[in-house]
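Reader: I would like to take a close look at one part of this model, beginning with its aromatic side chains and then following the chain outwards from there. Please keep the cut-offs beside the terms as you go.

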Amino acid sequence: MNRTTLSLFATTAVLAVVAGVAALNPPSGDNAGTRPAGRMPVQRSTLLCPAPTSSDVASTTYTAFTPPGKGAAAAGSTADLLPAAGPARTDAKKDDPKKDDPKKDASKDAAKDDKKTDGKADGKKAETDPGKAVLSLKEPGKPVTATTERSDAPALLGSATGPLAPGWTAQQTTTVAAGSGRGLHGVSCVPPDTSFWFPGASTAKGRQDYVHVSNPDNSAAVVDLELYGPDGRIKAPSGEGVAIPPRSTVPVLLSSLTDAPTENLTLHVAARSGRVGAAVQASDDKAGGDWLAPAADVSAGAVLPGIPADATSVRLIAFAPGSDDADVTVRLAGASGSISPAGHESLHVKSGMTTTVDLGDLTKGEAGSLLLTGAHGSGTVVAALRVTRGKDDKQETAFIPATAAIEARGTIADNRAKASTLSLVAPSRDAQVTVTTSAGSEGGAPVGKSYTVKAGTTLTVEPPRPADGKGVFAVTVEKVSGGPVYASRMLALPKDGVPMFTIQPIPDDRSTVAVPKAEQDLSMLNG
């Protein structure tokens with residue numbers, strides 16, 4: 001009987017440890033145990049948002065949202081985005097690529113800033129004082145927003161606890177009216193990790209690409225910034241061992257890391273110690289700009305959803321990070337089926353090298369998604385698309401990184417009436433999904449609709465508007481049944497003849513974690 005009692009105590013202790021892990025750092029897979037009995041909601045989520053812009057003619061909207069779950073928000077649960085410390089971003093002169101030294105910047109103490117934004121969040125001023133939340137979510141199911149026109153708006157660090165944690169998401173959308181990078185810059189705030197891949201970055205003349213690296217923790221992190229071009233690794237010694245102080249953000253101009261301008265390259269942000277968040281802001285003198293979000297984890301293939309119907313140019317950037325070359329077939333999944341682009345039916349990517357393919361006006365009036373499928377025994381890849389809309393001096397660009405599948409649920413914040421387009425693709429088998437629009441930030445009621453995505457096709461829909469709602473809203477995609485489904489959202493806000501737009505992937509929100517099955521050791525009950 002004593003052995004049975006001890007076994008029960010041990011089982012309870014194991015469950016307590018698992019619950020603690022779920023609360024502090026939910027894993028991305030179902031590796032909590034080999035005998036899963038079910039799933040439990042995460043109890044803590046962390047998000048990192050980069051500094052939005054240094055432009056004096058820009059406006060930024062922040063939006064945060066948690067999908068409703070079982071029960072209301074419990075007392076004491078929080079979901080706050082607060083200003084990070086860190087040096088302000090300064091745009092280096094083109095003839096002085098060494099102006100910004102990431103290691104020197106990282107060692108500076110952040111100056112305190114007592115200013116506030118001119119924007120409002122649900123009727124309240126959006127604070128940027130140190131220690132005060134810029135955005136606070138109080139209840140699931142209703143988004144909150146804040147706006148600012150400051151050119152020195154800080155990066156944000158945030159955490160959500162309790163019922164506000166599962167599926168908590170935040171979006172940052174900036175409109176830059178003029179100058180380099182003119183356009184709509186959108187990015188979903190990311191959870192911390194130790195490795196991020198960015199195919200599609202550049203150090204070419206006319207491009208200013210900044211990688212923003214944020215550290216959410218109370219101890220310093222150290223990262224390496226690795227650049228890979230068409231001929232392999234690019235020497236960038238100043239990108240090695242970059243220190244990111246506690247609860248701080250460090251922006252690094254990629255062209256300051258190397259003397260060799262490269263139009264298409266892959267950036268790898270690898271943490272030596274600690275964990276970080278990372279995003280790349282790409283600004284082009286002629287073709288606008290946008291945020292480049294991290295690509296999905298390295299794999300044998302890739303899905304890149306949501307190429308607009310009116311895309312005038314599509315460029316595929318792929319990189320093979322492993323020791324083996326990668327061979328992939330290329331297909332475009334449209335509204336009625338999949339085709340192989342003429343002349344680009346397959347792609348060979350050499351190990352350690354970045355390969356670029358210009359696909360032109362690939363979609364030809366019909367929105368679609370690019371599917372890369374690895375050959376048997378082939379190496380792994382990461383990939384992204386650079387998409388252009390418009391022509392001549394009215395061009396605007398955005399990026400579509402390879403996206404992870406929605407295993408259960410994914411959410412995107414900051415949607416606007418007649419401006420949001422949802423793209424859903426099922427590469428291999430039919431998939432059934434439910435799309436739910438939240439209440440608006442200024443009221444209303446959620447609306448849901450079911451869809452079937454046929455195998456090998458892309459379904460493009462305008463999300464339903466909230467019933468009697470006003471303001472921005474969130475869109476949640478839930479997988480009901482069928483094969484894998486991938487999603488992205490395009491937000492289009494044309495201005496002065498420029499088709500300003502931004503595209504964000506919608507991965508699974510990782511709102512639950514698997515727990516192991518508790519078993520009693522009853523072997524000694526009769527002995």
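Which residues form one aromatic cluster?

Author: The cluster is formed by Trp-197, Tyr-228 and Phe-319. Before going further, a word on the basis: this is a predicted model, in which local features need pLDDT of at least 70 and side-chain atom pairs count only at pLDDT 80 or more, while totals for chains, interfaces and linings use all residues. Residues are numbered from 1 along each chain as its sequence is written, and side-chain values use heavy atoms, with hydrogens and water left out.

The structure holds 3 aromatic pairs, where rings of Phe, Tyr and Trp (its six-membered ring) are paired if their centres lie within 6.5 Å, and planes under 30 degrees apart are called stacked, those over 60 edge-to-face and the rest tilted. One of these pairs, Tyr-228 with Phe-319, is tilted, with 4.7 Å from centre to centre and 40° between the planes. Because Tyr-228 belongs to strand S14 (residues 221–229) and Phe-319 to strand S22, this pair ties together parts of the chain that are 91 residues apart in sequence. Strands here are DSSP runs of E with at least two residues, helices are runs of H or I with at least four, and both are numbered from the N terminus. Both rings belong to buried residues, Phe-319 at 1% relative accessibility and Tyr-228 at 12%, given that buried means under 20% relative accessible area, exposed over 50%, and partly exposed in between (1.4 Å probe, protein chains only).

Strand S22, where Phe-319 lies, also carries a charged contact. Arg-315 forms a salt bridge with Asp-358, their closest N and O atoms being 2.7 Å apart. Here, too, distant parts of the chain are linked, as Arg-315 is in S22 (residues 311–319) and Asp-358 is in strand S26 (residues 354–360), 43 residues away. A salt bridge is counted where a side-chain nitrogen of Lys or Arg is within 4 Å of a carboxyl oxygen of Asp or Glu. The two partners differ in cover: Arg-315 is buried at 16% relative accessibility, whereas Asp-358 is partly exposed at 47%. Glu-263 joins them, and with Arg-315 and Asp-358 it makes up a network of salt bridges. In general terms, side chains of opposite charge can pair when their charged atoms come close.

A search of the whole structure finds 12 salt bridges, and another of them joins the side chains of Arg-150 and Asp-152, 2.9 Å from N to O. In this pair Arg-150 is buried, at a relative accessible area of 11%, while Asp-152 is partly exposed at 37%. Asp-430 and Lys-454 also meet through their side chains in a salt bridge, at 3.8 Å from N to O. The residues of that pair sit in loops, Asp-430 between strand S31 (420–426) and strand S32 (431–437), and Lys-454 between strand S33 (447–453) and strand S34 (457–461), with 24 residues separating them. Asp-430 is partly exposed, at 30% relative accessibility.

Strand S31, which precedes the loop of Asp-430, is mostly covered, with 6 of its 7 residues buried. Two strands are said to pair if DSSP finds at least two bridges between them, and S31 pairs in the antiparallel sense with strand S36 (residues 486–492) over 6 bridges and, likewise antiparallel, with S34 over 5 bridges. On the S36 side Ser-423 stands opposite Ser-488, while on the S34 side Val-425 has Thr-458 as its bridge partner.

Elsewhere, 4 strands form an open, antiparallel sheet in the order S17-S13-S19-S20. Its edge strands are S17 (248–253) and S20 (288–292), each of which pairs on one side only. Strand S19 (residues 277–284) is joined to S20 by 5 bridges, and Gln-281 has Trp-291 as its bridge partner in S20.

As a setting for these details, the protein chain has 2 helices and 38 strands, and of its 527 residues 54% count as buried. Among contacts between residues at least 6 apart in sequence, 81% join residues at least 24 apart, a contact being heavy atoms within 4.5 Å.
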